[in-house]
Amino acid sequence: SDNTFYLDTRLNYSCRFGDHNIGAMLMYMMREYRHDVLPSRNQGFSGRFTYDYQNKYLAEVNFGYNGTERLPKGQRFELFPAVSWGWVPSSEKFWKPLEKYINFMKLRGSYGLVGSDETGEAAGAPHFLYRDQVRIGGSSSYSTGSSSSNSITKGGPGIDFYALENAYWERARELDLGIDLNVLNQLDIVFDYFHDIRDRILLKRGSWPTLMGYWGAVPWSNIGKVDNKGFELSLNWKKDFNKDFHLEMRTNLTYNQNKYVNVDDPDYPYVWQTTTGKPLSRQTGYIAEGLFKDAQDIALSPDQTGLGSTPLPGDIKYRDVNGDGKITSEDQVMISPYGSTPRMQYGVGLSTKWKHVDFSVFFNGSADRTIMINGLDPWNTQNGHGNRNIMKWIAESYWSESNPNPDAQYPRLGLT
């Protein structure tokens, strides 16, 4: 069973004198999560100081001094500070001529560091990064003896993980700039621009050659880096037409774009095989150049037998990107900068109330997304129809000997 022990102790302070408001908080936190034999523990000390003048000028400074058991003594704790600020121009005297149009306006921003001690765990890194992992009998073995009946096989210890030197917390530098508006006492607008840079991500070294002698224990390092930026927009309009009828409409839009800045790519022979500089979610594959027209077209094209079957007229013809005369994994490229994770998400909603009757509806969607249609079964045999039926949209446009259309939307049906 899982058990979690959590301790949280806080000290709060607030004071108001004249037009000045001051607040402060200090907190100590300790957490233990127990699932296997060894528990997972971390602790931290954090603080926050806030100040505002007439609710017009606002500032906040906070910090977290956090520790993790994953790192060795002397490297377990790290400081993560942050600062935020705000200004409410609509509270200024010069705003008076505008306040009947724009009732409220606030400009705000923040910048800070955020740490994570879970770096690398999803990729297979061990929990304790400062310990070698040695497995008895885990290395290659040898045998000696004249026959199998009197032979002796011995093997030495194998190393699954080398202790990580100079390990760090994963870190994110986060910037946010925003504006809040209220127009005509009806429309609320919230806009945020964000830019996050994550670095010191724990990764397996990809550029180190195996001749360095680490065998199966590929070294890890805090070398990964990811860049992410985008914006969020929210609009909310509401109005009471009379005491019985109320109408509210709202919409939101989120867009973000990211890329790998560094993943320590191996020394690939071709630049298109690298990951650095590409989006986190993308589609990689072969470039289709139409369908094979006939046997002569197949003979004059790069060899595709390495893909698992012998091509026939009507099959998809792929591009030989590296020009070696055959189609292999080295010909795979990024065929779309969009992947299964959408870059854009949006929603539209409406709520209305008339006396004691109310009605609400909300729609949401996503865009800038590409998905692969894998495992498609033209005859729908998974539902027990054998090879007698075919889906209508395929039947209307596929290559066949009776209809050898090189521009058909679907290739020849079958592998033989």
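Mentor: Quick definition before we start: two strands count as paired if DSSP finds at least two bridges between them. Keep in mind that this is a predicted model.

Trainee: Okay, so in S12, what is the bridge partner of Asn-182?

Mentor: Start with the strands: S11 covers residues 170-183, and S12 covers residues 187-204. They run antiparallel to each other, with 13 bridges between them. One of those bridges takes Asn-182 to its partner in S12, Asp-188.

Trainee: Which residue in the turn between S11 and S12 has a positive phi?

Mentor: S11 and S12 make a hairpin, with three residues between them. In that turn, a positive phi of about 55 degrees belongs to Leu-184.

Trainee: And on the S6 side, which residue of S11 stands opposite Ile-102?

Mentor: Strand S6 is residues 102-116, and it pairs with S11 in the antiparallel sense over 14 bridges. Look across from Ile-102 into S11 and you land on Val-183.

Trainee: Why is one side of S1 and of S20 left without a neighbour in the sheet?

Mentor: The sheet is open and has twelve strands, in the order S1-S2-S3-S4-S5-S6-S11-S12-S13-S14-S19-S20. S1 (3-17) and S20 (357-367) stand at its edges, so one side of each has no neighbour because each has a single partner strand.

Trainee: How many degrees does the twist average from one strand to the next?

Mentor: Pairing in this open sheet is antiparallel. Going from one strand to the next, the twist averages 10 degrees.

Trainee: Last one: which residue in S19 is the bridge partner of Thr-251?

Mentor: S14 (residues 245-262) pairs with S19 (residues 344-354) in the antiparallel sense, over eleven bridges. Thr-251 has as its partner in S19 Val-348.

Methods: Residues numbered from 1 in each chain as written. Predicted model: local features only at pLDDT ≥ 70, side-chain atom pairs only at ≥ 80, totals over all residues. Heavy atoms only, no water. Helix = DSSP H or I, 4+ residues; strand = E, 2+ residues; numbered from the N terminus. Axes fitted to C-alpha atoms, helices over the stretch in contact; angles between N-to-C directions.
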